[in-house]
Amino acid sequence: MTLDNTISSSGLGRLFKGQTAIDFYGHRRIGLYTAVIIVIVTVVSLFTQGLNLGLDFEGGDAWDIPASETFGVAEAEQVLSDNGISTADARIQLRSSETSDVVTVQVEELPREQAAKVTADFADAAGVTSQDVSFSFTSSTWGSEITKKAIRALVVFIIIVSIFISIRFEWRMALAAIAAMVNDVVAAVGVYSVFQFTVTPATVIAFLTILGYSLYDTIVVFDRVEENEGKFAAVRMPYQDVVNISMNQVLMRSLMTSFSSIIPVLSLLILGSGIMGAVALQEFALALLVGMISGVYSSIFIATPLLAWLKRDVGRKTYRDRLVGDDLRAMVMGAGARARMATETAASTDGEGDDGERGLVSTGIGQPADQLLTHPPRPRKKKRR
């Protein structure tokens with residue numbers, strides 16, 4: 001049985017027209033196994049090499065020295081070496097702006113006398129006065145306070161979100177949404193740990209922003225799942241089918257929403273950080289980019305399949321296998337396609353007996369709820385006089 005020629009012949013065309021029939025529940029193991037692998041890689045990386053924490057977390061000294069043709073990154077490294085400071089753990093960057101260029105140097109906390117001498121040496125090497133060299137230092141205690149507040153905010157956010165989703169939807173949806181959000185944060189932390197990107201306060205802010213973005217995409221899917229669950233309640237449709245239908249119906253919306261959000265973040269990375277030299281934007285945009293990509297993946301391949309597994313036909317009686325292929329596509333496309341496919345199935349199975357009537361008609365697709373009896377009604381017993 002095939003649909004009429006209005007169905008696009010290409011996968012991209014079916015995606016744009018809302019004609020996809022992807023068995024998300026059937027491929028749930030791929031998504032969940034991938035999430036488990038990401039968690040394992042993150043844990044191993046954290047234990048072996050940890051996170052590359054910035055100055056604001058570990059504490060230390062920082063200088064901003066005016067850059068020129070005679071003073072750059074190499075000259076800054078030489079000043080540190082002359083003062084017996086290792087350049088392996090130092091962060092030295094050339095930052096450019098429309099008004100001026102500066103060389104930023106960050107090292108671990110030094111004694112105040114040594115820090116004052118390094119400031120003077122930087123000024124001499126750059127050909128400026130000591131007042132032109134900006135010096136600052138950060139205590140590691142302040143960094144630990146940022147970490148504690150970030151963890152506290154994360155816990156409070158998860159608790160509030162869990163309560164809200166449990167009230168608005170149900171506790172299984174809350175559990176699935178929280179699992180997807182945790183996966184997004186773990187994935188972002190794993191990328192920063194594996195590739196040793198520097199973690200700054202801007203990165204922490206981006207991590208917390210990821211949670212809201214991931215939650216939005218998941219709630220959109222869950223809202224459609226709840227809507228379809230009520231719509232197909234009369235036909236006793238397996239919950240796996242409800243999930244597959246809902247995911248295919250909102251797939252294009254989820255992808256386009258994510259794509260439109262990722263484009264500005266890429267602009268921050270490429271234009272703001274790469275071309276214009278705004279390094280601070282890189283610290284924020286990189287975490288956002290990783291989190292958005294992970295959020296799309298988790299809402300499609302983790303949150304919804306996990307919800308289907310948690311609610312795998314609890315308290316339901318079903319009489320058929322899960323919908324796939326054109327049967328699933330007909331349900332995704334709506335009532336018109338269901339009626340057309342039910343008519344085609346009835347015509348193609350006419351006179352074939354009970355085995356030939358196993359198609360969409362016998363499963364209730366395209367039929368009103370009052371016509372879904374699979375056996376003739378029992379005769380009423382006569383009352384005894």
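Which residue in strand 4 is the bridge partner of Pro 66? These close-up views of a predicted model will take you there step by step.

**View A. Four strands make up an open sheet.** Start with the whole sheet: its strands follow the order 3-4-2-5, and their pairing is antiparallel. At the edges you will find strand 3 (91-96) and strand 5 (134-138), each of which pairs on one side only. From one strand to the next, the twist averages 20°. As background, strands of a sheet are held in pairs through backbone hydrogen bonds, in either a parallel or an antiparallel way.

**View B. Strand 3 pairs with strand 4 (residues 101-107).** Six bridges link these two strands in the antiparallel sense. To find your way, look for Ser 96, which stands opposite Asp 101 in strand 4.

**View C. Strand 2 meets strand 4, and here is our answer.** Strand 2 and strand 4 run antiparallel and are joined by six bridges. The bridge partner of Pro 66 is Val 102, in strand 4.

**View D. Strand 2 also pairs with strand 5.** This time five bridges do the joining, and the two strands again run antiparallel. A handy landmark is Asp 61, standing opposite Phe 137 in strand 5.

**View E. Helix 5 (residues 112-126) lies across the sheet strands 2, 4 and 5.** Follow the helix along strand 2 (60-66): helix 5 runs at about 15° to this strand. Strand 2 itself is mostly covered, with five of its seven residues buried.

Definitions and conventions. Residues numbered from 1 in each chain as written. Predicted model: local features only at pLDDT ≥ 70, side-chain atom pairs only at ≥ 80, totals over all residues. Heavy atoms only, no water. Pairing = 2+ DSSP bridges. Axes fitted to C-alpha atoms, helices over the stretch in contact; angles between N-to-C directions. Contact = heavy atoms within 4.5 Å. Buried < 20%, exposed > 50% of the residue type's maximum accessible area, 1.4 Å probe, protein only.
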